[in-house]
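Got the model open in your viewer? Set it to cartoon, keep the selection box handy, and let's take a walk through some charged pairs and a helix contact.

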Amino acid sequence: MMKENKLHLIRPEDVLALLMIIPSIWVTSPSEYYYLFNGNLVVSKHVTALMLLLLFAIFTSLYENRIQRIIDTMKSGVKIPAVTMSDQALYLWKRKNRILQVSRDYLPFLVCIIAYHRLTQLIPHVKHYDIDRIFMSFDRLIIEGVRLKALALFGHSREFKDILSLSYKTYLLGVPVIATYLYMIKQFKKFREFLLAITLGSIIALLVSLVFPSLGLESILNNSKTPLSGTISIPAIYTVVVLVFSIKYSKPLASFYIPIATLFFFSQILSYSSYLLAIVVSVIIGLVALALARLIQGAWN
C-alpha cells in the first residue's frame, strides 16, 4: 500500500475532488457558510451514508489484524488463536499512523460526493423543457399496468410495504460495505476503481440533470409545486456499481446482494419514487461510469 501511495502522490480522485470543490464553493451562499461553520452540516442522505466510509475505514485500520485472522480462519478452516488485548495494543501502537493513511485514501471521494450535493443546488435554476411529460408517457405506456396490478395484489399488505421501504434503503449501505470489503482484503486498486465509478456516476448524473431537469414522479403525482430536481436516480447508479463489483469480486457478497438489488429496482418502480425511464438511464450511467473508472485507472497507472 505504501508503495502505491508513493508512486501515485496525485490520483484521479484528487483531480476530480479539486475540479468539483471549486464550483461547489461558488454555489454555497454566505448564510450556508455561517450555518456550516456553526457545526450544523446538513447533507443529503446519500452523503450521510457515504460518511460511513470514513468510519468503516478507521475501524478497518484499527482492527485489520483481528479481521485478517477471521478471514484466514474462514479460508483455511483452521481456527487461528484470537488476538489478545496486549497484542492489540502493540499492534495499534505500531500502526498509529494508519488512520492518516486510510483517511488519505477515502477523503477525496467524500469531498467529491459532498461537492456533488452542493452542486445539485444549480438544478432548480436551469431551464425546464417539460421532460416530465415525456417520462410520464413512457411510464404509462410500459409499466403502469403492471405496477397497478402488483399494487392491487400486494399493496394492502403492511409487510409488503415494509419490504419495499427496506429494500429501497439498502443502497445507502451498499457503497460503504463494498468499499470496506475491498480495502480490507487489500484490493486497493479495485477499491479506488470502485469509488471512482461511484464518483463518476454522480458527476454524469449531475450533468444530465442540469441539461434535462425534472420535477420528479412523486411531485407530479402529488401535484406539488416543488423545485426542479435531478432526472437521474442516484440510488440506481449506486446499486448498479455495487452489484457489478460484488459479482466480480466476491461470490458471498454477490449471492447476498443480487436479491437485494432486484428488490431495490422493484421497490423503485412500485413505490413511484422514480420514472421507469429515469431508472433505465441511471443503469446505463452506472455501466458507463464503471467503464470510465476502469479506463482512467488503467491510463493513470
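A word on helix names before we start: helices (H or I, at least four residues) and strands (E, at least two) are DSSP runs, numbered from the N terminus. This is a predicted model, where local features need pLDDT of at least 70 and side-chain atom pairs count only at pLDDT 80 or more, while totals for chains, interfaces and linings use all residues. Residues are numbered from 1 along each chain as its sequence is written, and side-chain values use heavy atoms, with hydrogens and water left out.

**Stop 1: inside α13.** Select Lys190 and Glu193, a salt bridge with its closest N and O atoms 3.5 Å apart. The term means a side-chain nitrogen of Lys or Arg within 4 Å of a carboxyl oxygen of Asp or Glu. Both residues sit in helix α13 (residues 188–211), three residues apart, so about one helical turn separates them. Glu193 is buried at 2% relative accessibility; buried means under 20% relative accessible area, exposed over 50%, and partly exposed in between (1.4 Å probe, protein chains only).

**Stop 2: over to α8.** How many salt bridges does a search of the whole structure find? Four. Pick Asp105 and Arg11 next: their closest N and O atoms are 2.7 Å apart. Asp105 belongs to helix α8 (residues 98–119) and Arg11 to the loop between α1 (2–7) and α2 (12–27), so this pair ties together parts 94 residues apart in sequence. Buried or exposed? Asp105 is buried, at 0% relative accessible area, and Arg11 is buried too, at 2%.

Now add Arg104 and Asp14, another salt bridge, with the closest N and O atoms 2.7 Å apart. Arg104 is in helix α8 and Asp14 in helix α2, so the pair links parts that are 90 residues apart in sequence. Arg104 is partly exposed at 27%, whereas Asp14 is buried at 17%.

**Stop 3: α2 against α13.** Show both helices: they pack at about 25°, axes 10 Å apart. Axes here are lines fitted to C-alpha atoms, for helices over the stretch in contact, and angles run from 0 to 180 degrees between N-to-C directions. The two helices are therefore roughly parallel (angles under 35 degrees count as such, over 145 as roughly antiparallel, 65 to 115 as roughly perpendicular and the rest as oblique). For sticks, select Pro12, Glu13, Leu16 and Met20 of α2, then Arg192, Leu196, Thr199, Leu200 and Ile203 of α13; these make the contact (heavy atoms within 4.5 Å).
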